[in-house]
Amino acid sequence: MTAVSRLTPGQLLSSVEELADLLTDTVDGGASIGFLAPLDRTLAVAWWTERAAAMSGGLLAVWVARDAADRVIGTVALAFPDKPNSRHRAELVKLMVHRDGRGQGLGRTLLTTAEQAAAAAGVTLLHLDTETDSPAESLYRSAGWTLIGAIPDYAATPSGVLHPTTIFFKRVGPAASAGAFTAAARGG
C-alpha cells in the first residue's frame, strides 16, 4: 500500500536523503527533469535542501509517496507564482516515481493529489512542461491535460542530448477570482 502525504518544510529536510535517492534514480533512469547523469548525490541533497525555503514562503508544496516499508518512492510538487496577478495558477513540477514503483499507477495518484490540492487552494489553472514523447507525456494526455505545443531543443536529456519539450495546461476546481487566492490557502 502506498501512502501520499504533503510535507512540511521540516519533514522535507528530514527526508532529504530519501528524496535525493529518488532524484538520482529518476535521472539515472533517463527522465529529463533538469539534471544531467550521472547526478552527484551531494548536488541532489543540496537541491532538495534548498526547496525548504520556498516551502516556508508558500511558493512550493511537495507531496511524497511512501511504500509499505515507509520508503519514499515518488514525489510531486506545485510551484506557486509570487506575483499578485498570477495567484490563480500553479506549475506542476518534479513528478517522479522511483523505477521500483513504476507501472502501478503511482504517477497518476501523485498527479491527482496535486490537482486536487491545487483546486482546494483556489488554483484554477495548472501548467507543466515535459520531455516530448516521454512516458510522462502519455500520462498527462490520458489525465485530461491539454497540449499547447512543443519547443524544439528546449532541454537536454540526462545524457546531454537536446530534446523538445511539450507544454500542457489543465483547468482545475471551480472558477475563482485571482483575488480570492491567498498564501494562507497555499499553506504559506
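This report walks through a predicted model of one protein chain, from its overall build down to single residues.

## The whole chain

The chain holds 6 helices and 7 strands. Read from the N terminus, the elements follow the order β-α-α-α-β-β-β-α-β-α-β-β-α. The radius of gyration is 16 Å, close to the 16 Å that the globule rule gives for 188 residues, so the chain is as compact as a globular protein of that length. Along the principal axes, the C-alpha atoms fill a box of roughly 45 × 40 × 30 Å.

Of the 188 residues, 42% are buried. Contacts can also be sorted by sequence separation. Among contacts with a separation of 6 or more, 60% come from residues 24 or more positions apart.

Now the surface. The chain exposes about 9000 Å². Carbon and sulfur atoms supply 55% of that area. As for charge, there are 16 positive and 18 negative side chains. The centres of the two sets lie 9 Å apart.

## How confident is the model?

The mean pLDDT of the chain is 93. A value of 70 or more is reached by 92% of the residues. Residues 176-184 are a weak stretch, with pLDDT under 50 throughout. For this stretch the model has 12 contacts beyond four places in sequence.

## Ile 73, a buried strand residue

Ile 73 sits in strand β3, which covers residues 72-79. Is Ile 73 buried or exposed? Its relative accessibility is 5%, so Ile 73 counts as buried, the cut-off being under 20%.

Which residues does Ile 73 touch, leaving aside those up to four places away in sequence? The list includes Thr 2 and Leu 22. Ala 65, Arg 66 and Asp 67 are also on it. So are Met 96, Val 97, His 98 and Leu 106.

Ala 37 lies elsewhere. It is 36 residues from Ile 73 along the chain, and their C-alpha atoms are separated by 19 Å.

## The loop between α2 and α3

Ala 37 is in the loop between α2 and α3. Pro 38 lies in that loop too, with α2 spanning 16-28 and α3 spanning 41-56. A cis peptide bond joins Ala 37 and Pro 38. Its omega is about -10 degrees.

Ala 37 is partly exposed, with a relative accessible area of 38%. Beyond residues up to four places away in sequence, Ala 37 touches Val 27, Asp 28 and Pro 158. His 127 is 90 residues from Ala 37 along the chain, and the two C-alpha atoms are separated by 26 Å.

## Ser 15, in another loop

Ser 15 has its place in the loop between α1 (9-14) and α2. Being in a loop does not leave Ser 15 open here: at 4% relative accessibility, Ser 15 counts as buried. Pro 152 is 137 residues from Ser 15 in sequence. The C-alpha atoms of this pair are separated by 35 Å.

## Two aspartates with positive phi

Asp 70 has a positive phi of about 70 degrees, although it is not a glycine. Where is Asp 70? Asp 70 lies in the loop between β2 (60-66) and β3. Asp 70 is partly exposed, with a relative accessible area of 47%.

Asp 153 also has a positive phi, near 50 degrees, and is a residue other than glycine. Asp 153 is found in strand β6, residues 146-156. With a relative accessible area of 51%, Asp 153 is exposed, because the cut-off for that word is over 50%.

## Asp 129, in strand β5

Asp 129 belongs to strand β5, residues 125-131. Asp 129 is partly exposed, at a relative accessible area of 34%. What does Asp 129 touch, not counting residues up to four places away in sequence? Its contacts are Glu 91, Tyr 154, Thr 165, Thr 166 and Ile 167. Arg 71 is 58 residues from Asp 129 in sequence and 27 Å away in space, C-alpha to C-alpha.

## Accessibility side by side

The table gathers the residues discussed above.

| Residue | Relative accessible area | Class |
|---|---|---|
| Ser 15 | 4% | buried |
| Ala 37 | 38% | partly exposed |
| Asp 70 | 47% | partly exposed |
| Ile 73 | 5% | buried |
| Asp 129 | 34% | partly exposed |
| Asp 153 | 51% | exposed |

Key: Residues are numbered from 1 along each chain as its sequence is written. This is a predicted model: local features need pLDDT of at least 70, side-chain atom pairs count only at pLDDT 80 or more; totals for chains, interfaces and linings use all residues. Side-chain values use heavy atoms; hydrogens and water are left out. The radius of gyration is taken over C-alpha atoms; the globule rule is 2.2 Å times the number of residues to the power 0.38. Buried means under 20% relative accessible area, exposed over 50%, partly exposed in between (1.4 Å probe, protein chains only). Contact means heavy atoms within 4.5 Å. Accessible areas come from the Shrake-Rupley method with a 1.4 Å probe; for residues, only the protein chains shown count as cover. Lys and Arg count as positive and Asp and Glu as negative; His and the chain ends are not counted. The place of a charge is taken as NZ of Lys, CZ of Arg, CG of Asp or CD of Glu. pLDDT is the predictor's confidence in each residue, from 0 to 100.
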